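I'm opening this one up to poke at a few loops, helices and ring contacts. Notes go down in the order I looked.

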Amino acid sequence: METEIIKIDRERPDMEAFQKAGKILKEGGLVAFPTETVYGLGANALDEEASRKIYAAKGRPSDNPLIVHIARMEDLEKIVKRVPEEAVKLAERFWPGPMTLILEKNGHVPYGTTGGLETVAVRMPSDPIARELILQGGGYVAAPSANTSGRPSPTTARHVYEDMKGKIPLILDGGAVEIGLESTIVDLTDQIPTILRPGYITLEMIQDVLGQVQMDRGLIAADSGVRPKAPGMKYRHYAPKAQLKIVEGPVDKVVAYINKEASGRKKPGIICTEETKDRYRYGDVKCIGARTDEEAIASHLFAVLREFDDDGVDAIYSESFESPGLGQAIMNRLLKAAGHQRIDVTD
Ligand code: TXA
Ligand code: MG
């Protein structure tokens, strides 16, 4: 299959491209498209056969459910049993935007889309390209991140092409995404609202709207054998080909440790910050942004992990980016990419 890439001019979008994309979706095909978080691989969410194609193209395990993307609030009640008050409050504050809600599904949503679950993940993205595509495609677009299962999520159309070339008919190219990390997932089907995946919308922001909110225990106790509730969070993810290690501690010690380790390698990769980039003497040094600019770090992380694959490095060392805000989401992805290998050089 030929994979066509259509560049969308955000100032003057070509409606014919959207009609073409919408037609592919309505006929049960796949279209990759930008959202404000990462690129998605879309199919008609109400068509079980179409959803199945997503799993095949990504090589994704079939028990890992998809997020259904909508563009209008009134479309929500048509696919869930009920819309709880918390959902209304969160939607008013954060939709359209980088937040996914888990709700009880109704009979319109096939199990092929929810990985057999009685619940469904729903998100209303803010990217105008995503929104127009959803409307043209019939209102309900199932879309995981448009990467091959296990690879870093795509933040540009080129990343999508690397993974999906020959497997899907169309990619809408809207340029680099804004945020670069996937949406925050909030489960509203339990007694207490629970964050299943940290993202741009932080725990504090959700607390501010709902009061009581908790982090899924499977996220905090990542190595303790507690299973994360979002099926996708249990898989090794975002994994670059070389082993990634996260080095934590005072900055001088971190730099010294990484320099020493890197010097013993043939082709090491290093993920560092503006503040430290001139202190690394050896290896493929990639600066991910200023330490104080979490948004820059978030938006560069996946691209940097992919670049190391292209460069063929034999080991990767990363500084740590712990912080109460967006740092939670950044570290969640980085730790998964590292298979939780962290080294503390404090003493
Ligand atoms: O920002 C995003 O959310 C992007 C863009 C394309 O919208 N999408 C995305 O989809 O990240 P994906 O498939 O890569 O991740 C969806 C996550 C998985 O961890 C999955 O297990 C979880 O959401 N999930 C989906 N439905 C669920 C459900 N009913 N209950 C619990 N977790 C669910
Ligand atoms: Mg994904």
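**Gly139 and its loop**

I started with what Gly139 touches: setting aside neighbours within four places in sequence, I found contacts with His69, Ile70, Ala71, Asp75 and Ile134. I'm reading all of this off a predicted model, by the way. Gly139 belongs to the loop that runs between helix 5 (128–136) and strand 7 (141–142). Is Gly139 buried or exposed? I get a relative accessibility of 2%, and since buried means under 20%, Gly139 counts as buried. I also checked Gly139 against Ala45: the two sit 94 residues apart in sequence, yet C-alpha to C-alpha I get 8.9 Å.

**Thr37 and Arg123**

Next I went to Thr37, in the loop between strand 2 and strand 3. Its relative accessible area is 3%, so Thr37 goes down as buried. Which side chains does the Thr37 side chain make polar contacts with? One is Thr35, at 2.8 Å, and another is Arg123, at 3.2 Å. Ignoring residues up to four places away in sequence, I listed what Thr37 touches: Pro98, Arg123, Val177, Ile179, Gly180, Leu181, Glu182 and Ser183.

Then I came at the pair from the other end. Arg123 is in strand 6 (residues 119–123). I have Arg123 as buried, because its relative accessible area is 2%. For a distance along the chain I tried Val88: it is 35 residues from Arg123, and their C-alpha atoms are separated by 13 Å.

**Helix 6**

I pulled the buried residues of helix 6 (residues 157–164) and got Ala157, His159, Val160, Asp163 and Met164. Why do I say they line one face of the helix? Looking down the axis of helix 6, I see these buried residues fall within an arc of 155°, so one face it is. What they pack against is a mixed set: strand 2 (31–33), strand 3 (40–44), helix 2 (48–58), strand 8 (170–173) and helix 10 (294–311). Just after helix 6 I noted Gly166, with a positive phi of about 80°.

**Helix 9**

I ran the same lookup on helix 9 (residues 251–263), which has 13 residues. From first C-alpha to last, helix 9 reaches 18 Å, close to the 18 Å expected at 1.5 Å a residue. Its buried residues are Val254, Val255, Ile258, Asn259 and Ala262. Down the axis of helix 9 they fall within an arc of 130°, so I put them on one face of the helix. What covers them? I found strand 12 (244–248), strand 13 (268–272) and strand 15 (315–319) among the elements that do.

**Ser323**

Ser323 is in the loop between strand 15 and helix 11 (327–337). A polar atom of the Ser323 side chain lies 3.2 Å from the backbone nitrogen of Gly327. Beyond its neighbours within four places in sequence, Ser323 is in contact with Glu294 and Gln328.

**Rings**

Last, I checked the aromatic rings. How many aromatic pairs are there? The count comes to 1 aromatic pair, taking ring centres within 6.5 Å as the cut-off. I also looked for lysines over ring faces. Lys105 lies over the face of Tyr111, at 4.2 Å from the ring centre. Lys286 does likewise over Phe308, at 5.3 Å from the ring centre.

Terms used. Residues are numbered from 1 along each chain as its sequence is written. Chains are lettered from A and ligands numbered from 1 in the order in which they are written. This is a predicted model: local features need pLDDT of at least 70, side-chain atom pairs count only at pLDDT 80 or more; totals for chains, interfaces and linings use all residues. Side-chain values use heavy atoms; hydrogens and water are left out. Rings of Phe, Tyr and Trp (its six-membered ring) pair if their centres lie within 6.5 Å; planes under 30 degrees apart count as stacked, over 60 as edge-to-face and the rest as tilted. A charge sits over a ring if NZ of Lys or CZ of Arg is within 6 Å of the ring centre and within 35 degrees of the ring normal. Helices (H or I, at least four residues) and strands (E, at least two) are DSSP runs, numbered from the N terminus. The expected span of a helix is 1.5 Å times one less than its number of residues. Buried means under 20% relative accessible area, exposed over 50%, partly exposed in between (1.4 Å probe, protein chains only). The arc is that of the directions from the helix axis to the C-beta atoms. Contact means heavy atoms within 4.5 Å. A polar contact is a pair of N or O atoms within 3.5 Å; within protein, one must be able to donate a hydrogen and the other to accept it, and residues adjacent in sequence count only if both atoms are side-chain atoms.
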